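Reader: Please explain how the ring and charge labels in this model are assigned.

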Amino acid sequence: MGTKEPTGMDNKSSMMLRKMPLLAALLIAVVSEIQAQPTKNLQAVDVFDLEFASNPEISPAGDKILYVRNFKDIMSDQNLSNIWIVDWDGTNNLPITTGNQRDRSPSWSPDGTRMVYLSNKDGTTQIYMKWLESGHETKLTNLYEPPKNLSWSPNGQWICFNMLVETPRDTQVKLKGKPKGAEWNEPARYIDDMSYRSDGTRGFTKSGYDQLFVISVDGGTPRQVTYASNHIGKADWSKDLKAVYFHANLHKDADYQPRNSEIYRLSLDENKITALTDRFGPDTNPKVSPDGRHLAFTGYDDQFLGYQINKLYLMDLEDQSIETLIPEFDRSVGNIRWSQDG
């Protein structure tokens, strides 16, 4: 007996019904293939494939640039970085350091033949100096706290840097020593600092302040040159090497007015600190001119606003007169540099 077509259906419709299982199988195969293809959307794990450049430092001659090449290690989930060098036109891009470590803060020597930088490749962050032509390198420090804010002296013989100096807390509760072999919990923490902890992984901060140190490029023991009761900012050298300039908030009410910093001059012979500014508001980032006669810095008059424009100022170091440069500039100034001709 022949097969009878369903009522109301022509031959074309009947043929389509018979092909439906095949069409469904093809559709499933196509969808599976699409799902198997990698997506173009950024995924969380893609952060380990990202690299970026930061901290560019132009050579004194202006022909080369040191910079930090940042990357991440997927196995340890750490931020790592090495230092690279590139010609001013983007050619000859070469590594200066390499390895799964944190190399950062490169700084040219005044004559452009050497650089100093920070690295934790030996387990703790220390200062290293490298001769760029020969590739020779020396470790300048063996410090118990990480240094930062490296600054060359104009003659290339000294490095000034910041480092935390701890101040032991005098606890109000005296506990007797625990019995031998006893396992006690962590003792109570007595805190009388207004700012005592930070976000992220830092948690409770150490009691103490960033101070200035000076070390010879021949190595040796760094010499502490400030003993302030508040944090000292990055310093810049005077041309005659007799002083360094830095910003800090050394007012007695610094905890209550944390942004009210001033520019200071530290005489290295006498260890005497002199304030060069006195307005209410932050004065920061002093930079001495190549001829040693002027000081550029940034800051603003604090009006207790959520955002205020950081302006650029110029001080005559002889009479300490100050003028505002580009006063109508409608955005904040930062990362200031002097040209070689001043």
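Reader: How many aromatic pairs does the rule count?

Author: The count comes to 6 aromatic pairs; rings of Phe, Tyr and Trp (its six-membered ring) pair if their centres lie within 6.5 Å, and planes under 30 degrees apart count as stacked, over 60 as edge-to-face and the rest as tilted. This is a predicted model, in which local features need pLDDT of at least 70 and side-chain atom pairs count only at pLDDT 80 or more, while totals for chains, interfaces and linings use all residues. Residues are numbered from 1 along each chain as its sequence is written, and side-chain values use heavy atoms, with hydrogens and water left out.

Reader: Why is the pair of Phe246 and Tyr264 called stacked?

Author: The ring centres of Phe246 and Tyr264 are 5.6 Å apart and their planes lie at 20°, so the pair is stacked.

Reader: What makes Phe246 and Tyr264 count as buried?

Author: Buried means under 20% relative accessible area, exposed over 50%, and partly exposed in between (1.4 Å probe, protein chains only). Phe246 has 0% and Tyr264 has 6%, so both count as buried.

Reader: Why does Asp236, which is buried, have no salt bridge?

Author: A salt bridge requires a side-chain nitrogen of Lys or Arg within 4 Å of a carboxyl oxygen of Asp or Glu. Lys and Arg count as positive and Asp and Glu as negative, whereas His and the chain ends are not counted. The nearest side chain of opposite charge to Asp236, Lys287, is 5.6 Å away, so no salt bridge is assigned.
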